[in-house]
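Subject: A structure for you to look at

Hi there,

Here is the structure I promised to pass on. Have a look at it first, and then read on for my notes.

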Amino acid sequence: MIINAVNINTSSKASNVAVSKTYQVIGDPGCIFHIIVQDNSGNYYNFPENTIVDLEQGVFQPAPAFSSTPAGLFNRQISSNGVYNGIINLPVGGGDKNFRFILTAGNDTSFDEESFSNKNVFISEKINQYAGTAVTFSITHSSSAVVEPSSIVFKGGSSKAAVKATSVKRIINWPFTLSSGAATILRQPNLSDFEFTITKTTRDIRTTTGSTTFVELSDVAGLSKGMDVKDAEDQSLGQITNIILGFKDYENSTDSNPIYKIPVKINEDGDEVVSSTAGTVVVSTSTNWGTSGQLTFTGKGSIASEAFNSTSFSIKNFKIELDDVVTKTTSAVPDAVIHCDSANGIKAQAQYTVNGNRTLQSTVKVDEAITDVCIGQRLQAMSSGTLVGIPTVIAVDTENKLITLSSTQTFVNDAVLTFSNSIVKGIGIKNATTDPYVVSISTNDVTVNASQDIEAGAFVNFIGSSRSGKISGELELLEYGDASITLDLNFDNILKVV
C-alpha cells in the first residue's frame, strides 16, 4: 500500500500565540503510519488525544505541550476515502525555535518513491516559531542637563511570523526638563530624527592597501544607503553611498567590468552550503580601513529601520514646545533691569558679525560659527544699515555660516546682527519697536532692550527659552520587526542646550 502525499501547514508562528496546524495523509485505504512531532531541542509533542479521559478517576486530557518524554501517534490508518486528517496544537512560549513532523510508514506501507525521497520516512519542512519583539521609542540628548522622559515600548509578534500584527497608534506627551542651563528650539522634529545604531566588522583579510571608499565587511545585512558611518575612534567616514554583495576580485576585474564574488557558508542547520551576507559598502569619505575592525552605522527614520529588520513606523502632528519661564519681580523695575526671583531657563541675545556686503538678500553670511541661531528666531537689530521689519530665521547652514531670513534685507559688512532668545511678556510690559527681549543676565537680574515700569511682586513671563517643555504627537507602529529595536529621538537635532 502506498502513501501518495502528505500535506502540512508549515507557515511560521509567533511565540506569543497558540496555533493549530492541520495535516493530511493521502494514500491507499488501510495504509498504516506513525507520527511524531519534535522541536529543534529534541522535545516531543505529547499528543493529548492519546490520553483516555476518565472523569471519575480524575483523568483529564492534558494541554498540548513539548517535553523530553517520547510520545507519538502510532498505527494510524487511512480510511476508506483515502484521506487521514489531523491537527497539531502548537502551544504558546518558547521563543525562537522550530518544529518538524516526522512520519514513518507502518506494516505493508511505503511512501510513493516518485513523490518522496525516502520510501520509509518523511520529514516535513521546518515550522518556524519567532519570539515576540519590542519597539522602544526614547529620547537621547548629548547634554547631561537634559532629564529625559521614560521610553515608550510597543510589544508584539515578529514580522517573520505568518500572521502580521495590525498597526498600533499611541498619543504621546513626552515632558522633559533641564537640571541647569537653558534650552531653545532649533526646529521641529521629523521622522528621520529617530535613529538606531548597529556595528559591523571589517573583513579579516585585505587584498588592497591605502585609502579607499570601498570597505569590505563580514556582514552587510540590515545596512542601507544613507546610513552614517563612524570608525572605532568615532571618526566619521561619511555615509553609505552603495552596498554590493561579495568582495571585488581585483585580479580579474577591470574598470569597466568589476567582478564581485560572494563567499559561501554552512547554513544554520549545518546541512547545506549557502551564500553568505558578506559584502562591500561604498562610503563617501576615503579611509584606510584595517582588518577585523569595528564600524558603527546609524540608521535614520522608518526607511532605514525597515531595511534593518522590517520595523516600520510613522509620526503625525509631532511637535516640540517649551514652557514659559514664569518669574516674579523682587523689587520695583524703573529701568531696563528686571529683578527676578529666578532667571533659570532665560537666555540672553545672540550676536553675529556680517561677512560681506549684501543688498536686498534674504541670506547673510557671518564670521562666527553659528551655535545658537535657530528656525523661528527673530532678528531684532542691526548695528549698521536699516532693518526692515522683524524678520524670522527660516533656515540655518552651520557648515557655510549662512542664515536665511523670512524677508530680504541690505546687510553691511561687519555689522552686528542681534537675534533674540528670550522674549518678555506680561501685564504692563512696555514695548520698544517690538516685544522686549533679553540682552544680558547677571545672576537673577535680567536686562532687556527697553526700559520698564513694573511694580515689585509682579509676574513676568519669558518665552523662547526654558528649562522645561514637551514633545507631543502621534506615534504609529505599522509593523513589528524581525527582532527588537530601540529608536532614539536625537534631541540634539531639535533642541539647543547651553
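**What I found**

Please keep in mind that this is a predicted model. I will begin with one residue, Thr329, and work outwards from there. Leaving aside residues up to four places away in sequence, Thr329 touches Ile338, His339, Ile454, Glu455, Ala456, Gly457, Ala458 and Val460. Thr329 itself sits in the loop that runs between strand 29 (325–328) and strand 30 (337–339). Is Thr329 buried or exposed? Its relative accessibility is 4%, so Thr329 counts as buried, the cut-off being under 20%.

**Strands and sheets**

Strand 30 also belongs to an open sheet of three strands, with the order 30-39-38 and antiparallel pairing. Strand 30 and strand 38 are the edge strands, each pairing on one side only. From one strand to the next, the twist averages 25°. Strand 30 is joined to strand 39 (residues 445–448) by three bridges, and the two run antiparallel. If you would like a place to look, Ile338 has Val446 as its bridge partner in strand 39.

Strand 18 (residues 194–201) is another good one to trace. Which strands does it pair with? With strand 27 (residues 294–300), strand 18 pairs in the antiparallel sense over seven bridges. Thr197, for example, has Thr298 as its bridge partner in strand 27. Two bridges join strand 18 to strand 42 (residues 485–490), and these strands run antiparallel too. Here the bridge partner of Phe194 is Leu489, in strand 42.

**Salt bridges**

Side chains of opposite charge can pair when their charged atoms come close. How many salt bridges are there in this model? The count comes to 10, and three of them are described below.

- Asp435 and Lys425 form a salt bridge, with their closest N and O atoms 3.1 Å apart. Asp435 lies in the loop between strand 37 (423–425) and strand 38 (438–442), while Lys425 is in strand 37, so the pair ties together parts that are 10 residues apart in sequence. Asp435 counts as buried at 15% relative accessibility, whereas Lys425 is partly exposed, with a relative accessible area of 33%. Salt bridges that share partners join Arg378, Lys425 and Asp435 into one network.
- Glu321 forms a salt bridge with Lys319, and the closest N and O atoms are 3.7 Å apart. Glu321 is partly exposed, with a relative accessible area of 30%, and Lys319 counts as partly exposed at 38% relative accessibility.
- Lys230 and Asp234 meet through their side chains in a salt bridge of 3.7 Å, N to O. Lys230 counts as partly exposed at 35% relative accessibility. Asp234, at 51%, counts as exposed, because the cut-off for that is over 50%.

**A patch on the surface**

Last, do turn the model until you find Val53, Leu55 and Phe60. What do these residues make? They make a nonpolar surface patch of about 330 Å². Leu55 lies in the loop between strand 5 (44–45) and strand 6 (66–67), and at 60% relative accessibility Leu55 counts as exposed.

I hope these notes help you find your way around. Do write back with any questions.

Best wishes

How values were computed
Residues are numbered from 1 along each chain as its sequence is written. This is a predicted model: local features need pLDDT of at least 70, side-chain atom pairs count only at pLDDT 80 or more; totals for chains, interfaces and linings use all residues. Side-chain values use heavy atoms; hydrogens and water are left out. Patches are made of residues with over 30% relative accessible area and no salt bridge: like charges are joined within 9 Å, nonpolar side chains (Val, Leu, Ile, Met, Phe, Trp, Tyr) within 5 Å. Accessible areas come from the Shrake-Rupley method with a 1.4 Å probe; for residues, only the protein chains shown count as cover. A salt bridge is a side-chain nitrogen of Lys or Arg within 4 Å of a carboxyl oxygen of Asp or Glu. Helices (H or I, at least four residues) and strands (E, at least two) are DSSP runs, numbered from the N terminus. Buried means under 20% relative accessible area, exposed over 50%, partly exposed in between (1.4 Å probe, protein chains only). Contact means heavy atoms within 4.5 Å. Two strands pair if DSSP finds at least two bridges between them. Axes are lines fitted to C-alpha atoms, for helices over the stretch in contact, and angles run from 0 to 180 degrees between N-to-C directions.
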